[in-house]
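Visitor: Please take a close look at how charged side chains pair in this model, and then describe what lies around them. I am new to this, so please explain each term as you go.

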Amino acid sequence: MVTRGDEFDDFVRGSSTRLLRTAVLLTGDRPAAEDLVQEVYERVYVRWRWIKGAPEPYARKALANLVANRWRRKGRKPEVALAAGHDRPTPDGSDDYAVRDQLLTALQELPPRQRAVIVLRYYEDLTELQTADALGCSVGTVKSQTSRGLEKLRLITEPAILEGLR
């Protein structure tokens, strides 16, 4: 007989890697991301019997809300993972790794709302409607924040890529 606890344990095992990756991308800080994921699991567990269908969309929405709430409490100041000029991991020499590292660093420079939309749309591969639902906003907001976020990423990354080619 499968118990409520067993189902929840299976959910945690199956979703922890994805939720933690999303939380790290949203916050830029692994310890903060781990705390957020733990808090999401607490919220999901309390509401477990009332969650209809797959619990992962509920958990993703809870995660996005927690990040937004922390952002609001901090007076809309974006979290900064590393100070400028701070030592970063050295790329292993492959172009793919360097570009990925640059994109992840640039992602942390986006305002929290744009970062959340980009992470949910392109890292979590959610539709515009699913992203809007997860963030509690309109599809139009998702579209505009996506457009602004991608443009800002282009402005941040393209000069550095061009500089690396010289």
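Guide: A salt bridge joins the side chains of E39 and R43, with N and O 3.5 Å apart. The term salt bridge is used here for a side-chain nitrogen of Lys or Arg within 4 Å of a carboxyl oxygen of Asp or Glu. Side chains of opposite charge can pair when their charged atoms come close. E39 and R43 are about one helical turn from each other, because they are four residues apart in helix α2 (residues 30-46). Helices are DSSP runs of H or I with at least four residues, strands are runs of E with at least two, and both are numbered from the N terminus.

A word on the model itself. It is a predicted one, in which local features need pLDDT of at least 70 and side-chain atom pairs count only at pLDDT 80 or more, while totals for chains, interfaces and linings use all residues. Residues are numbered from 1 along each chain as its sequence is written, and side-chain values use heavy atoms, with hydrogens and water left out.

Back to the first pair. E39 is partly exposed, at 25% relative accessibility, and R43 is also partly exposed, at 32%. Buried means under 20% relative accessible area, exposed means over 50%, and partly exposed is in between, with a 1.4 Å probe and protein chains only.

The structure holds nine salt bridges. Another of them joins E56 and R18, where N and O are 2.6 Å apart. This pair links distant parts of the chain, since E56 is in helix α3 and R18 is in helix α1 (residues 4-27), 38 residues apart. Helix α3 covers residues 55-73. E56 is buried at 15% relative accessibility, whereas R18 is partly exposed at 34%. Leaving out residues up to four places away in sequence, E56 touches F11, S15 and R18; contact means heavy atoms within 4.5 Å.

Helix α3 has a part in another salt bridge. R60 pairs with E124, and their closest N and O atoms are 3.5 Å apart. Here too distant parts of the chain are linked: R60 is in helix α3 and E124 is in the loop between α5 and α6, 64 residues apart. Both partners are buried, E124 at 11% relative accessibility and R60 with a relative accessible area of 12%. The two pairs belong to one network of salt bridges, which links R18, R21, E56, R60 and E124.

The loop that holds E124 is also the place of D125. D125 is exposed, with a relative accessible area of 64%. Its phi is near 60°, a positive value in a residue other than glycine.

On one side of this loop is α6, residues 128-135, whose buried residues are T131, A132, A134 and L135. These four are on the same side of α6, because they cover an arc of only 165° around the axis; the arc is that of the directions from the helix axis to the C-beta atoms. After α6 comes G136, whose phi is positive, near 70°.

On the other side of the loop is α5. Helix α5 holds Y123, which is partly exposed at 32% relative accessibility. Y123 joins V99, L103 and Y122 in a nonpolar surface patch of about 340 Å². Patches are made of residues with over 30% relative accessible area and no salt bridge, with like charges joined within 9 Å and nonpolar side chains (Val, Leu, Ile, Met, Phe, Trp, Tyr) within 5 Å. Accessible areas come from the Shrake-Rupley method with a 1.4 Å probe, and for residues only the protein chains shown count as cover. Helices α4 (95-107) and α5 (112-123) each supply at least two residues of this patch.

Y122 is also among the contacts of T146, which, leaving aside neighbours within four places in sequence, are V117, I118, R121 and Y122. T146 is in helix α7 (residues 139-165) and is buried, with a relative accessible area of 8%. A polar atom of the T146 side chain lies 2.6 Å from the backbone oxygen of V142.

Conventions:
A polar contact is a pair of N or O atoms within 3.5 Å; within protein, one must be able to donate a hydrogen and the other to accept it, and residues adjacent in sequence count only if both atoms are side-chain atoms.
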